[in-house]
Amino acid sequence: MNKAALITVGKKFHEDSMFLLSVFDLEPSGVIIHAYNQTDSKEYSLPVTEMELGESGFSRNPQSLAEMLDTIYLVDQGSTWALQSTNPKIRNRPPRPSGEELEAMIRKSTAGMPSIHDTLVEGLVELCKVKPSGNDAVQWLGEWLISHNPNKPRVEVPDE
């Protein structure tokens, strides 16, 4: 992230685990809280929307942001950890899937339907055959994926 943090503080979440918490401005969308542990290079983030910021009573001034960071904690979500807030107006996000879990989801197919992975590979093979250049390649692949979407809704007109 190439933006300067609005505020950065140190915070201990557990014994022997000091994190640097920084808040970055993503106006008009809100802010993002970023936690970094220098010991093991672990990073976590929690987006806070503009609406959540307003409803929770926090603003972008340093004192208010410091108060918001006081509500942040690290929670074990099974295979991963995540930042959450004790403030009920800041929505806790569901855990992100790991790389292996994400790959399994992509490769998974629905009863008789090709997987996203299979459809994308087929589209990329066709793209290599056509060989459009630059943005035309992106446009071509997008149109191909739309026209070859195995989940595309189909309208059946009854015979009269």
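## Strands and the first hairpin

Two strands count as paired if DSSP finds at least two bridges between them. In this predicted model, strand 1 and strand 2 form a hairpin with two residues between them. Asp-16, in the turn, has a positive phi of about 60 degrees. The two strands pair in the antiparallel sense, over seven bridges. One of the residues of this pairing is His-14, which stands opposite Ser-17 in strand 2.

Ser-17 has a relative accessible area of 10%. Buried means under 20%, so Ser-17 is buried. Leaving out residues up to four places away in sequence, Ser-17 touches Lys-11, Lys-12 and Asn-37.

## The four-stranded sheet

The hairpin of strand 1 and strand 2 belongs to a wider arrangement. An open sheet of four strands has the order 1-2-3-4, and the pairing is antiparallel. Strand 1 (7-14) and strand 4 stand at the edges. Each of these has a single partner strand, so one side of each is left without a neighbour in the sheet. From one strand to the next, the twist averages 25 degrees. Strands of a sheet pair through backbone hydrogen bonds, either parallel or antiparallel.

Strand 2 (residues 17-25) is joined to strand 3 (residues 30-37) by six bridges, and the two run antiparallel. The hairpin between strand 2 and strand 3 passes through four residues. Among the bridge partners, Leu-20 is matched with Tyr-36 in strand 3, and Phe-24 with Ile-32 in strand 3. Strand 2 is mostly covered, with seven of its nine residues buried.

## A helix across the sheet

Helix 2 (residues 62-70) lies across strand 1, strand 2 and strand 3. The helix runs at about 15 degrees to strand 1.

## The second strand pair

Strand 5 (residues 72-76) and strand 6 run antiparallel and are joined by five bridges. Val-75 stands opposite Ala-82 in strand 6. The hairpin of strand 5 and strand 6 has four residues between the strands, and there Gly-78 takes a positive phi near 90 degrees. Four of the five residues of strand 6 are buried, so this strand is largely enclosed by the rest of the structure.

Trp-81 is in strand 6. Is Trp-81 buried or partly exposed? Trp-81 has a relative accessible area of 34%, and is therefore partly exposed. Not counting neighbours within four places in sequence, Trp-81 is in contact with His-14, Tyr-44, Leu-74, Val-75 and Asp-76. The C-alpha atoms of Trp-81 and Lys-11 are separated by 16 Å, and the two residues are 70 residues apart along the chain.

## The largest pocket

How many residues line the largest pocket? The lining has 19 residues, and Ser-45, Thr-80, Trp-81, Ala-82 and Arg-96 lie nearest the centre of the pocket. Strand 4 (42-49) and strand 6 (81-85) are the elements that give two or more residues to this lining. Strand 4 gives the most, with six residues.

The space in the largest pocket is about 390 Å³. By residue type, its lining divides into nine nonpolar, five polar and five charged residues. Two of the residues nearest the centre have come up before: Trp-81, which is partly exposed, and Ala-82, which has Val-75 opposite.

Conventions. Residues numbered from 1 in each chain as written. Predicted model: local features only at pLDDT ≥ 70, side-chain atom pairs only at ≥ 80, totals over all residues. Heavy atoms only, no water. 1 Å grid on protein atoms, 1.4 Å probe; cavity = no way out; pocket = protein on both sides within 12 Å on 5 of 7 lines; lining within 4 Å. Points joined across faces, edges and corners; volume = space filled by probe spheres on them. Nonpolar A, V, L, I, M, F, W, Y, C, P; charged D, E, K, R; others polar. Axes fitted to C-alpha atoms, helices over the stretch in contact; angles between N-to-C directions. Contact = heavy atoms within 4.5 Å. Buried < 20%, exposed > 50% of the residue type's maximum accessible area, 1.4 Å probe, protein only.
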